Amino acid sequence: METKNKKLMIPGPVQPDDDVLEAIGQPVRAHYGPEFRNYYLETVDCLKSIFCTQEDVFIIVGSGSSAIDACIGSSLSKHEKILVGVNGFFGQRALDIALNYGLNAIPVVKPWGKPLTADDFVNAFEKHPDACAAAIVHLETSTAVVNHIESIVPVCHLNNAICIVDAVSSLGGIPFYMDEWGVDLCATSSQKCLGAPPGLAPVAVSKRAWDFIDQNPQKGHGWYLNLRIWRQYAKDWSDWHPYPITMATNNLAALRTSAEGLMKEGLKNRFERYKQLAKYLREGLLRLGMEPYVSDELMAPVLTAVYGPANIPTGQIVDYLEKHHGIKIAGGLGDLKNKIFRIGHMSPTNTFNDIDLVLFALRDFVNSLDRTV
Ligand SMILES: *Cc1c(COP(=O)(O)O)cnc(C)c1O
């Protein structure tokens, strides 16, 4: 495997700060006992301030998908109906997770590049008043489009349904207010806007979600990703081992370091910093004649989806930047493969200089086209 470091400008995993990498390189310690238990619970508290919640938070050992799997699988039983917003690759994944649990999963479809809105769910609940949950991706990473969680949640609650949110690529990078918005279950991961290496998947669970889960003792599939099991250990083993499995201690140290870094900078300051980077990048792309995939107000400030120069398969751009500039950007997913490319700027380490390097590399790519004709 190539060992030389590439500059990661993809929508996860991101390049962590040096202090985060130092934390993950510390000696391995026991994952239990009063001291480590405190360390875990303090990390949970720090994450609560990032979720903007007073509700329960658990740190699952797994990738972001494991957290989504836990939220959906723990909440519904076979044949129960769930509405799933699908306007991109990750909405489709949430739908697949629901279908794999044997749920009656109804896609609420919007074309890729268009945000899901309250009206989409008003209409869906009209057709499916028996739906008892909805799952929606906050930032649809395949298109960079942000869905209107804050206006969709009240629609779910009016219809006595809980609202499950995939905030894997958004939490810590763009505004997300779990309690204020009334989100019931929220899944995220360590390796995107939280700025740590991959491996941990924080989950937040509201009281409303617990009431819903507890109404039906049949709910909760399996053991590892069953939130009831996580709650049970958090309670029964709270004094020494508040999780059912071996905590990934080094990953936890890394996540704690990056989460504390975020809170030290301040959520608002961090969000503003990413906005400035996005603005700078997008102005530069326009100067290169590269059009954004969707308009600025739809696009998350931590990720830019853009069309390449006319008729060039965007996979070529991705390869060129990696080969000639050591910069890793992302191509398009699904139908957008070779049509767009995506630049992630969701790492706390990202600077204007990184953006300059990307723009310089893209200009070089454009010039290389002129050289070949
Ligand atoms: C990255 C991502 C996922 C999947 O996360 P993994 O950590 O790869 O399991 C899910 N949803 C969204 C919106 C993502 O961006």
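In this predicted model, the side chain of Ser63 has an N or O atom 2.5 Å from an oxygen atom of the ligand. Two further residues, Gly64 and Lys192, also place an N or O atom beside a ligand oxygen atom, Gly64 through its backbone and Lys192 through its side chain. The table sets out these three distances.

| Residue | Part of the residue holding the N or O atom | Distance to a ligand oxygen atom |
|---|---|---|
| Ser63 | side chain | 2.5 Å |
| Gly64 | backbone | 2.7 Å |
| Lys192 | side chain | 2.6 Å |

How much of the ligand does the protein bury? Taken alone, the ligand exposes 380 Å², and the protein buries 89% of that area. The ligand has 14 residues around it, and those that come nearest are Ser63, Ser65, Thr141, Asp166 and Lys192.

**The protein as a whole**

The protein contains 13 helices and 14 strands. Its C-alpha atoms fill a box of roughly 65 × 55 × 35 Å along the principal axes. The radius of gyration offers a check on the overall form: because a compact globule with 373 residues would have a value near 21 Å, the 21 Å of the protein agrees with that expectation.

**The sheet of seven strands**

One open sheet has 7 strands, in the order E2-E10-E9-E8-E5-E3-E4, and its pairing is mixed. Strand E2 and strand E4 (104–109) stand at the edges; each has a single partner strand, so one side of each is left without a neighbour in the sheet. On average, neighbouring strands of this sheet are turned by 20 degrees against each other, if direction is ignored.

At one edge, strand E2 is joined by 6 bridges to strand E10 (residues 200–205), and the two run antiparallel. Within this pair, Val57 has Ala204 of E10 as its bridge partner. Helix H5 (residues 118–127) packs on the sheet and touches strand E3 (81–86), strand E4 and strand E5 (133–137). The direction of helix H5 makes about 150 degrees with that of E3.

**The sheet of three strands**

Another open sheet has 3 strands, ordered E11-E14-E13, with antiparallel pairing. Its edge strands are E11 (303–307) and E13 (330–331), each of which pairs on one side only. Strand E11 and strand E14 (residues 340–344) run antiparallel and are joined by 5 bridges. One example of this pairing is Tyr307, whose bridge partner in E14 is Ile340.

Which helices pack on this sheet? Helix H11 (residues 267–287) touches E11 and E14, and its direction makes about 10 degrees with that of E11. Helix H12 (residues 314–325) touches E13 and E14, and its direction makes about 40 degrees with that of E14.

**Two details of the backbone**

Most residues other than glycine have a negative phi, and most peptide bonds are trans. Where does the model depart from the trans form, in the loop that holds Pro13? The peptide bond from Gly12 to Pro13 is cis, with omega near -5 degrees. Pro13 lies in the loop between strand E1 (7–8) and helix H1 (18–24).

Cys52 provides the second detail: its phi is near 60 degrees, a positive value in a residue other than glycine. Cys52 is located in the loop between helix H2 (34–51) and strand E2 (56–61).

Technical notes:
Residues numbered from 1 in each chain as written. Predicted model: local features only at pLDDT ≥ 70, side-chain atom pairs only at ≥ 80, totals over all residues. Heavy atoms only, no water. Pairing = 2+ DSSP bridges. Helix = DSSP H or I, 4+ residues; strand = E, 2+ residues; numbered from the N terminus. Contact = heavy atoms within 4.5 Å. Axes fitted to C-alpha atoms, helices over the stretch in contact; angles between N-to-C directions. Near = heavy atom within 4 Å. Polar contact = N/O pair within 3.5 Å; in protein donor to acceptor, adjacent residues only side chain to side chain. Areas by Shrake-Rupley, 256 points an atom, 1.4 Å probe, with all protein chains shown as cover. Rg over C-alpha atoms; globule rule 2.2 N^0.38 Å.
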